Each structure stands twice: as structure tokens, then as C-alpha cells.
Amino acid sequence: MDYAAGEKVELGDVVTFAGGLEGIIICCFDTKEYFPDFEYESFTDVCKSGVMIKTYGGGLVHYSYPDYDLILLSRADSKP
């Protein structure tokens, strides 16, 4: 999955979306990459593609396709 600006979405990216919410990409379903504490198997029946974002408020948001309001703020320094 790519951002609207063309950059590839990567695990650990810090993003903004939905008019100002911020969070971190904790799972990329397309590449089957995810943080070790993310319960990947619990979501595979429902989430076939896209990314899972953990908001700084603690909630999870699934984006199944690129959206113009999903904006990269920074890349992760290191991957888990």
C-alpha cells in the first residue's frame, strides 16, 4: 500500500488521518508484517489488505486502501 503522495507505507510509520488523528502503523496486511504484540491472526478473517493503525488514544483503525487523508509524518527509526 502507498500513501497518496506515492511513498510506500511501512511498519512503524507515524501518520495523521481523519482530520487530525495521529497514530503508528502496527500492521501491514499486504506484506504480513506486524509488531510482535499485535494479534495478527485475530484480524485476518476481516482485514485482508491494507494497514492497521494504533492511535495515540489507544484505538485501532483499519485502512483497507490508500486514502488522501492518510499522511506520513515520520518513518520509524528501527523496526521491531
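In strand E3, Glu 33 is the bridge partner of Cys 28. This pairing offers a convenient point of entry into the structure, which is a predicted model. Two bridges of this kind join strand E2 (residues 21-28) to strand E3 (residues 33-34), and E2 and E3 run antiparallel. The two strands form a hairpin with 4 residues between them, and Lys 32 in the turn has a positive phi of about 60°.

Strand E2 has further partners. With E1, strand E2 pairs in the antiparallel sense over 4 bridges. Within this pairing, Val 15 stands opposite Gly 23 in E2. E1 and E2 also form a hairpin, here with 3 residues between the strands, and Ala 18 in the turn has a positive phi of about 50°. Strand E4 (residues 51-55) is joined to E2 by 5 bridges, and these strands likewise run antiparallel. One of the pairs in question brings together Cys 27 and Met 52, the latter being the bridge partner in E4. In a regular strand, side chains alternate between the two faces of the sheet.

The next topic is the charged side chains. Side chains of opposite charge can pair when their charged atoms come close. How many salt bridges does a search of the whole structure find? The search finds 2. In one of them, the side chains of Glu 10 and Arg 75 meet, with an N to O distance of 3.7 Å. Glu 10 lies in the segment before strand E1 (14-17) and Arg 75 in the segment after strand E6 (71-74), so this pair ties together parts that are 65 residues apart in sequence. A salt bridge also forms between the side chains of Asp 13 and Arg 75, at 2.8 Å from N to O. Asp 13 lies in the segment before E1, while Arg 75 lies in the segment after E6, so the pair connects parts that are 62 residues apart in sequence. Glu 10, Asp 13 and Arg 75 are thus linked in a network of salt bridges. As for their surroundings, Glu 10 is partly exposed, with a relative accessible area of 27%, and Arg 75 is partly exposed as well, at 33%. Asp 13, by contrast, counts as buried, at 0% relative accessibility.

Asp 69 presents another case. This residue lies in the loop between strand E5 (60-63) and E6. Asp 69 is buried yet has no salt bridge, and the nearest side chain of opposite charge, Arg 75, is 16 Å away. What the side chain of Asp 69 does have is a polar contact of 3.1 Å with the side chain of Tyr 63. Leaving aside neighbours within four places in sequence, Asp 69 is in contact with Thr 16, Phe 17, Ala 18, Gly 19 and Tyr 63.

The aromatic rings complete this account. The count comes to 6 aromatic pairs. The rings of Phe 29 and Phe 38 have their centres 6.3 Å apart and their planes at 70°; an angle over 60 degrees counts as edge-to-face, so this pair is edge-to-face. Phe 29 is buried, at 3% relative accessibility, and Phe 38 is buried, at 8%. Tyr 34 and Tyr 40 form a stacked pair, with 4.5 Å from centre to centre and 5° between the planes. Tyr 34 is partly exposed, with a relative accessible area of 30%, whereas Tyr 40 is buried, at 11%. Phe 29, Tyr 34, Phe 38, Tyr 40 and Phe 43 form one aromatic cluster.

How values were computed:
Residues are numbered from 1 along each chain as its sequence is written. This is a predicted model: local features need pLDDT of at least 70, side-chain atom pairs count only at pLDDT 80 or more; totals for chains, interfaces and linings use all residues. Side-chain values use heavy atoms; hydrogens and water are left out. A salt bridge is a side-chain nitrogen of Lys or Arg within 4 Å of a carboxyl oxygen of Asp or Glu. Buried means under 20% relative accessible area, exposed over 50%, partly exposed in between (1.4 Å probe, protein chains only). Lys and Arg count as positive and Asp and Glu as negative; His and the chain ends are not counted. A polar contact is a pair of N or O atoms within 3.5 Å; within protein, one must be able to donate a hydrogen and the other to accept it, and residues adjacent in sequence count only if both atoms are side-chain atoms. Contact means heavy atoms within 4.5 Å. Rings of Phe, Tyr and Trp (its six-membered ring) pair if their centres lie within 6.5 Å; planes under 30 degrees apart count as stacked, over 60 as edge-to-face and the rest as tilted. Two strands pair if DSSP finds at least two bridges between them.
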